[in-house]
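Open the model in a viewer and keep the sequence panel visible. The stops below say what to select and what is there.

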Amino acid sequence: MSKMIKNAIIITVITIVAGVALGLVYEITKVPIANAEENAKREAWQKVFPKAELADFETTEVDEEKAKEAAASVNANALIDEVCTVKGGDEGYVITVTDKEGYGGDVQITVGIASDGTVTGISFLELSETAGLGMKAKEPSFYEQYANKKTDSFYVSKDGGEGEKIDAISGATITSRAVTGAVNTALAYYRSAF
Amino acid sequence: MKNWLERIYNGIIKENPTFVLILGMCPTLAVTTSASNGIGMGLSTTAVLVLSNMLIAMLRKIIPNSVRIPAFIVIVAAFVTMVQFLLQGFVPSVYQSLGLYIPLIVVNCIILGRAEAYAYKNTVMMSIFDGIGMGIGFTLAITIIGLIRELIGAGQAFGRQIIPVADSAAGKGGYVPVTIFILAPGAFLVLAFLIAFQNYLKRKAAKRAHRPIPAATCADGCAACGNEICGKPLISEEKTEKTENKKEVTTEEKSEAKTEVKTDEASDKEALA
């Protein structure tokens, strides 16, 4: 019995020490992690809205109701994560969307929409698709298909639909659909909220 | 060969975790879609392996035999989470591409395997070198697998286009990537061919030395064999290690009191050595 207690004490001590060490490392890395994420986000904003200055971007609140409706209206399993105005909305908006239907996990992209409804560009924040297939979404030949188009929705070439056609990445239709779904959600949210 | 050098040689060649021990297959098969993923995963695993081997060797007299597995897992998980935080904060690009597989290092059987088979029974320094050797062996193995898969499957190496790829839309001729090598079956194919190739080299070396293939003479003990690729004195060490391992397992099933005695004996032996 005493042995059992001794073992329990030893394992408890190990766990506590491990927990304290983890807490320390977390404290140390908290700021760099936040900075890295902030930088990635800012870079993405700048990329989808090359005309605007960094100071022009301002985060606004997301209307959850409208976000849900927007995703439902385009049949996408997507969430609006963040909405930014560019010069208070005069120039346009930057919307960050996560689509849950990626092949290797969530697909998080940032979509820039000018005030007249033109998609100015898209950029990836999170993409964990198959290298050489779905990862090709990061190549300009794919993502530039969305840029500078004024439409209500995009559709993937294989599926057909209304709006602008997007040529799917060969061998990665699911990824193409996820990205298109995210862009469509952003567009739908833009139409209903602004 | 010096002891610590032997540990590194053991990890890279003789007991390469991927090609010889066939351990840690989850990351080996899953993240090797590109060579740079292989390096990232390999180095993260090496860091965790060295740290956990070191700490477990330090605590080997303190951790009770009956609760050693939970203790190992707590230590490994703590290190993995630390590595994850560090990657996320300082090298976000690596963190991005490895994603889910970083937390999965916790259940990588190479790490738990080395803790159980080596670090729990050996000195701190030797355990660190064992971790370095095994880590480098793992890194090399998955980088090679990643490189081959990337090259055949996409015509790239480390993310750079090496072979110009055909583009039917633009009417450009060139290499048509064999997509299956990027997908899951490609991982199994490449791994199988590499293991086969390695076995072929081993057999050839054994024949060239005009010595019988190890399996035939191993029963007579290693001194009688004298096969170079077997690594004369090394294998005997390895053998005692394994038999000790077996003893531990059997005693574990018996009463706990006996286990105490056995571990004491084991540490006595170690002190003598």
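Select Gly155(B) to begin: this residue follows helix H7 of chain B and has a positive phi, near 70°. The model is a predicted one, so the angles and distances on this tour are those of a prediction.

Now step back along the chain and select residues 124-154 of chain B, which form H7(B). The helix has 31 residues. From its first C-alpha to its last, H7(B) reaches 43 Å, close to the 45 Å expected at 1.5 Å a residue. Is H7(B) mostly covered or mostly exposed? It is mostly covered, with 22 of the 31 residues of H7(B) buried. When choosing residues to colour by facing, keep in mind that an α-helix has 3.6 residues a turn, so residues three or four places apart point the same way.

Widen the selection to the whole of chain B. Chain B holds 12 helices and 2 strands. Their order along the sequence is α-α-α-α-α-α-α-β-β-α-α-α-α-α. Of its 273 residues, 38% count as buried. Taking the contacts in chain B with a separation of 6 or more, 70% are between residues 24 or more positions apart.

Next, select the contact between the two chains. Chain A contributes 23 residues and chain B contributes 29 residues. On the side of chain A that touches chain B, the classes are 14 nonpolar, 8 polar and 1 charged.

Hide chain B and look at chain A alone. How many helices and strands does chain A have? There are 4 helices and 8 strands in chain A. In sequence order they read α-β-α-β-β-β-β-α-β-β-β-α. The radius of gyration of chain A is 21 Å, well over the 16 Å given by the globule rule for 194 residues, so chain A is more spread out than a compact globule. Along the principal axes, the C-alpha atoms of chain A fill a box of roughly 75 × 40 × 30 Å. Buried residues are 39% of the 194 in chain A.

Colour the sheet of chain A next. The sheet is open and has 6 strands in the order S1-S2-S3-S4-S5-S6, with antiparallel pairing. Its edge strands are S1 (57-60) and S6 (149-150) of chain A, each pairing on one side only.

Start at the S1(A) edge. S1(A) pairs with S2(A) in the antiparallel sense over 4 bridges. Select Thr59(A) and find Cys84(A) of S2(A) opposite.

Move to the loop between strand S2 (78-86) and strand S3 (92-99) of chain A, where Gly88(A) lies. Why is Gly88(A) counted as exposed? Gly88(A) has 9 C-beta neighbours inside 10 Å, and a residue is exposed if that count is 12 or fewer. For a distance check, pick the C-alpha atoms of Gly88(A) and Gly104(A): they are 36 Å apart, with these positions 16 residues apart along the chain counted as their separation.

Continue to strand S4 (residues 107-114) of chain A, which pairs with S5(A) in the antiparallel sense over 7 bridges. Val107(A) has Leu127(A) in S5(A) as its bridge partner. The hairpin of S4(A) and S5(A) has 3 residues between the strands, and Gly117(A) there takes a positive phi near 90°.

Finish on S5(A), residues 118-127. Of its 10 residues, 7 are buried, so S5(A) is largely enclosed by the rest of the structure. S5(A) and S6(A) run antiparallel and are joined by 2 bridges. Select Thr118(A) last: Lys150(A) of S6(A) stands opposite.

Notes: Residues are numbered from 1 along each chain as its sequence is written. Chains are lettered from A and ligands numbered from 1 in the order in which they are written. This is a predicted model: local features need pLDDT of at least 70, side-chain atom pairs count only at pLDDT 80 or more; totals for chains, interfaces and linings use all residues. The expected span of a helix is 1.5 Å times one less than its number of residues. A residue is buried if 20 or more other C-beta atoms lie within 10 Å of its own, exposed if 12 or fewer, and partly exposed in between; C-beta atoms are placed from the backbone. Two residues are in contact if their C-beta atoms, placed from the backbone, lie within 7 Å. Ala, Val, Leu, Ile, Met, Phe, Trp, Tyr, Cys and Pro count as nonpolar, Asp, Glu, Lys and Arg as charged, and the others, Gly among them, as polar. Two strands pair if DSSP finds at least two bridges between them. The radius of gyration is taken over C-alpha atoms; the globule rule is 2.2 Å times the number of residues to the power 0.38.
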